[in-house]
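Thanks, everyone. I would like to use these few minutes to go through the charged side chains in this structure, and I will give the cut-offs as the terms come up.

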Amino acid sequence: MVDVKLNTLLKVYEMGSYTRAAEKLSLTQPAVSKHIRQLERELGVSIFDRTGPKLRLTPEGKLIVRYAERVIALSDGLRRALADRNRAVDRLRVGVTHTSESSIVAEVLARYTEENVNTRITLRTDALASLYEMLKSYQIDIAIVEGDVSDPAIRTIRLDTDDLAVAVSNEHPLASRPSVTIDELRRERLILRLPSSGTRTLFDANLESRGMSPDDFNVILEVDNIATIKDLVRRNYGVSVLARSACMDELRKGKIRMLPIEDLTMVRQINLLYHHTFEHAEVLQDIVRIYNAATREGSVG
C-alpha cells in the first residue's frame, strides 16, 4: 500500500548510510540508490546532500522524511485497525511525558484494559514536543501531558491540575517545615530535571519572572529519570523540584516530604490530547472517568 521507496528512504535516513540501509532491508546497495534517485526525480528535488563525508538531508529532504513518516504511520494504523476489527481486538497507542508516567496514568490505563479486555495499549514515554509531533503524524492516538499545545488539529481535555514543590528526605532539616523560601533553596544541593523537561521549563520560567536562573543555585546534578531523582532525594543526597503528581506514591508511603516554595506558585494543567480525526469518543470518556475515580480514591491528591 505504501510506496516501497518511502520505506527505503526512512531506512537510509535512520542508518545514515546506503550500504547499512541495504543490509537492513535485504536489498543491494544499487537497489537502494535507485529508490532514492527515483524519489528525487518524482519530486523534483535532491533529498540528500552528498557533498560532505556524512549523508545529510537537504531542507527539502527533511520535509519529505517528515511526511514519509506520517504516510507510513497512517498505513500501519489502517492495517492494525482492520486486523483488530477482524480479531475483535482494539489497540490504543498512548504517549506520556516522563512526569505523567510517574503519576497514576499507567494505573489508569491498566484499569482501562481491565474494563475493556480486548484492548491492547502501547505506552510510549517522551518529551512533550516529541509527543506532539507523534500525535500530528498519527504515530500515537492520544497523549497525556502537562501543559497544552496551540494547534487547531489537536483537541484537549483537562484531566487535572498539578503543581511543583520541593522534594526533601524525611531526615532533611527542612522536612518539618511547612514551606521553604527561595533563599533557603539556594543554599541546598539541588538535583533538577533536564532543561528539556516540562518540569524544568516551568521552574526556570518562574525563576526568570523573579530575575533569577538555575545558575543562581547549587545545582549538583541534572537527571532525566524521575525515579532516580526521587531515590537520591529519599537518600538525602540533595533536594529537588518535582511535580507533586509524580511523587504521590512516595508521599502516601511517607518516604519523602514536599514543601511549597514561598511566593513562587508553579501550577500547570494535566491534559489529554488527541487529533481531531480521532473517532472514538467513548475511549476518551472512559479514560477521563477512570482517572477521576482514581483521584477520588486517593491515588492522587
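Let me begin with accessibility: a residue is called buried under 20% relative accessible area, exposed over 50%, and partly exposed in between, with a 1.4 Å probe and protein chains only. Please keep in mind that this is a predicted model, in which local features need pLDDT of at least 70 and side-chain atom pairs count only at pLDDT 80 or more, while totals for chains, interfaces and linings use all residues. Residues are numbered from 1 along each chain as its sequence is written, and side-chain values use heavy atoms, with hydrogens and water left out.

Now to the pairs themselves. Side chains of opposite charge can pair when their charged atoms come close. A salt bridge here is a side-chain nitrogen of Lys or Arg within 4 Å of a carboxyl oxygen of Asp or Glu, and by this rule the count comes to 17.

One of them joins E115 and R289, with an N to O distance of 2.7 Å. Because E115 lies in helix α6 (residues 105–115) and R289 in helix α12 (residues 281–296), this pair ties together parts that are 174 residues apart in sequence; helices, I should add, are DSSP runs of H or I with at least four residues, strands are runs of E with at least two, and both are numbered from the N terminus. E115 is partly exposed, at a relative accessible area of 45%, and R289 is partly exposed too, at 39%.

R289 also forms a salt bridge with D286, at 3.4 Å from N to O. These two residues are three apart in helix α12, and about one helical turn separates them. E115, D286 and R289 are thus linked in a network of salt bridges.

What, then, is the N to O distance between R244 and D163? Their side chains meet in a salt bridge at 3.1 Å. R244 lies in the loop between β9 (239–243) and α11 (248–252) and D163 in strand β6 (residues 154–169), so the pair ties together parts 81 residues apart in sequence. R244 is partly exposed at 24% relative accessibility, as is D163 at 23%.

Finally, consider R193, in strand β7 (residues 189–193). R193 is buried yet has no salt bridge, and the nearest side chain of opposite charge, that of D224, is 4.0 Å away. The R193 side chain does, however, reach the backbone oxygen of D224 at 3.4 Å.

Definitions and conventions
Lys and Arg count as positive and Asp and Glu as negative; His and the chain ends are not counted. A polar contact is a pair of N or O atoms within 3.5 Å; within protein, one must be able to donate a hydrogen and the other to accept it, and residues adjacent in sequence count only if both atoms are side-chain atoms.
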